[in-house]
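Biologist: I am new to this structure and would love a close look at one part of it. Could you walk me through the places where the protein meets the DNA, and how the protein chains come together there?

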Protein chains: 2
Amino acid sequence: MLTISRVAAYAGVTVRAIRHYHEIGLLPEPVRDRSGYRTYDAAAIVRLIRIHTLADAGVPLARVQELLDAGPDEFAAGVREIDKNLRAEIRRLRGTRQRLAGLAAGDRLALPRCVLDYLDRLRALGVDERQIEAERDGWILVAAQVPDQIDAVIAQKHEDLDNPDVVELYLLLNDALDWPPDDPRVVEIADIVERLMIRAVQSGEAGPDAITDSFATLLDAAMLESSPGAARLLAILEDRGWKGWTRIEKFPANRLDPAMTGDDA
Amino acid sequence: MLTISRVAAYAGVTVRAIRHYHEIGLLPEPVRDRSGYRTYDAAAIVRLIRIHTLADAGVPLARVQELLDAGPDEFAAGVREIDKNLRAEIRRLRGTRQRLAGLAAGDRLALPRCVLDYLDRLRALGVDERQIEAERDGWILVAAQVPDQIDAVIAQKHEDLDNPDVVELYLLLNDALDWPPDDPRVVEIADIVERLMIRAVQSGEAGPDAITDSFATLLDAAMLESSPGAARLLAILEDRGWKGWTRIEKFPANRLDPAMTGDDA
DNA sequence: TGCGGGGTTGACGCGGCGTCAAGGTCAAGC
DNA sequence: GCTTGACCTTGACGCCGCGTCAACCCCGCA
């Protein structure tokens, strides 16, 4: 008597697969003997072999029946479509491999090379690693948001770094990391920042186009989270009429030229 | 406030994906506001972007955490392994495509070309399509069982067909399909078959090596199922001392040469 | 009578979410 | 104050092709 395991062996499939085909109606349930065993005939093996041949060639089980019953034309059409899907899947995997290679090549932090170079420059200037990490996270956000403008934005940042004030600011912030939040020296930092902001406003810089208001707000929030003293600094600046950090804005029209006078609030 | 959908938009993932990452512990659950909404911070977006970058490059979610925490060497090793898997998967799919192309080229019945050619020859001899289908199913079984010997077996069958007795037998069986099971002419068929069997035994043919006894039994059963008169035919032959059909065997040593004498049982 | 190697059904697991159901919440417009 | 529509919540099933238990029955042999 042909039991399920012998049928499986003849057809080159597993017992479990046969039961699965029964479950989904691809292979009719055979009659049972008195103890409930399935008893097959040779025709079942033939059908199994044909199912297995198709399945092994990538035909989804849901379409096997249809293809077994098809005439030559429908069969060819079905095969073409399945092959199209296989090709698409292979393309997808190749794309995945490309991205994986990109990871290996350096952007495992979700950052393009130019940003990594920029961060290296900061590192070379002596900027503290903690600050670089905060900076890096900011750039991860930006790069995800405007991936095709990131090069231009970074180029601008490199220019900024040619300004000694900017470098001094970074180094001051370096020290500020260990200050208590109410350290009076924060005011010095505010002075430098304000000077830079004024220059930026005067030269008409507006930041990258695609940075929306809400995204700028997000970046500001990220900056606030990154350091305990950041809130103080922003508060002082806001007192002097500056709003935002990512996107510079002077908000009341009054007190237009307090440059270089220090904190007089 | 950063809701889940805004975070999803910033990170370029779906809301459902974020919840999934929470479920599997890849992204920590953030605090909730008073109405139960998750409230995120910018750091969560950064982590999400990094998760997404890895996942998109084919890193299984189960390994993302590990790679996020890894140093450069472990990271590189992990990436290499994942890439190996991707390559293997692509190879697998290419193999699948090959098999699919094979299907399209003709063996959609799970039969190699040489068997199809053989069946075409039978068809050309005037063998009935019903008989060819039975024959075909038998060959599907054989081809699945001994795929690398099928060419040799078929070559032997082609030689057999050069014998006019064999052709006559096929054509007689053609007619026999419509005979009632107890038609006396079955004896004529038995005579021819016996003649052929004797010749086969004398020339020392033994059938393909890899055909085991149990498989021969299966093929005999398949032959029995294929036609109602087959049982009669086998019964007559067995009466004359012949056992089996697929594998020819003379079983009692007595009555060694009843050739061409007809049914004397 | 026990054992070892069959068979049976039923259920969960995998991977990475998509998608639906059945609600509670929020901001805005009437 | 009420409705509307967009968004949030949890919970659950679905996909695809089986692999892999678990718990139990059946058969032949020593």
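Modeller: Happy to! One term comes up straight away: a residue is near a strand if one of its heavy atoms lies within 4 Å of that strand. Please also keep in mind that this is a predicted model.

Let's begin with DNA strand D. By that cut-off, 19 residues surround DNA strand D, and the closest are Arg16(A), Thr3(B), Ser5(B), Arg19(B) and Arg32(B). Both protein chains appear in that list, with Arg16 coming from chain A and the others named from chain B. On the DNA side, sugar and phosphate make up 74% of the strand D atoms that come within 4 Å of the protein.

You can follow some of these approaches atom by atom. The side chain of Ser5(B) has an N or O atom 2.6 Å from a phosphate oxygen of DNA strand D. For Thr3(B), a polar side-chain atom lies 2.7 Å from a phosphate oxygen of DNA strand D. In Arg32(B), a side-chain N or O atom is 2.9 Å from a phosphate oxygen of DNA strand D. The elements giving two or more residues to this surface are helix 2 of chain A, together with helix 1 (4–11) and helix 2 of chain B. Helix 2 of chain A has the largest share of the surface near strand D, with four residues. Sorted by class, the residues near DNA strand D are seven nonpolar, six polar and six charged.

Now turn to DNA strand C. Here 19 residues surround the strand, the closest being Ser5(A), Arg19(A), Arg32(A), Arg38(A) and Arg16(B). Sugar and phosphate account for 69% of the strand C atoms within 4 Å of the protein. Arg19(A) has a side-chain N or O atom 2.8 Å from a phosphate oxygen of DNA strand C, and for Thr3(A) the corresponding distance to a phosphate oxygen is 3.3 Å. Tyr37(A) reaches a base: a polar atom of its side chain lies 2.9 Å from a base nitrogen of DNA strand C.

Helix 1 and helix 2 (15–23) of chain A, along with helix 2 (15–23) of chain B, each supply at least two residues of the surface near DNA strand C. Helix 2 of chain B provides the largest share there, four residues. By class, the surface near strand C has seven nonpolar, six polar and six charged residues.

Finally, how do the two protein chains meet? In chain A, 51 residues are in contact with 51 residues of chain B. The area buried between the chains is about 4500 Å², with carbon and sulfur atoms giving 70% of it. Tyr10(A), Leu100(A) and Arg108(A) supply 16% of the area that chain A buries against chain B, more than any other three residues.

Between chain A and chain B there are four salt bridges. Asp56(A) forms a salt bridge with Arg99(B), with the closest N and O atoms 3.1 Å apart. The side of chain A that touches chain B draws two or more residues from each of helix 1 (4–11), helix 3 (42–56), helix 5 (72–104), helix 7 (129–145) and helix 11 (213–226). Helix 5 of chain A gives the most, with 17 residues. By class, this side of chain A has 30 nonpolar, six polar and 15 charged residues.

Note on methods: Residues are numbered from 1 along each chain as its sequence is written. Chains are lettered from A and ligands numbered from 1 in the order in which they are written. This is a predicted model: local features need pLDDT of at least 70, side-chain atom pairs count only at pLDDT 80 or more; totals for chains, interfaces and linings use all residues. Side-chain values use heavy atoms; hydrogens and water are left out. Contact means heavy atoms within 4.5 Å. Buried area is the accessible area (1.4 Å probe) that two parts lose on being put together, summed over both. A salt bridge is a side-chain nitrogen of Lys or Arg within 4 Å of a carboxyl oxygen of Asp or Glu. Ala, Val, Leu, Ile, Met, Phe, Trp, Tyr, Cys and Pro count as nonpolar, Asp, Glu, Lys and Arg as charged, and the others, Gly among them, as polar. A polar contact is a pair of N or O atoms within 3.5 Å; within protein, one must be able to donate a hydrogen and the other to accept it, and residues adjacent in sequence count only if both atoms are side-chain atoms.
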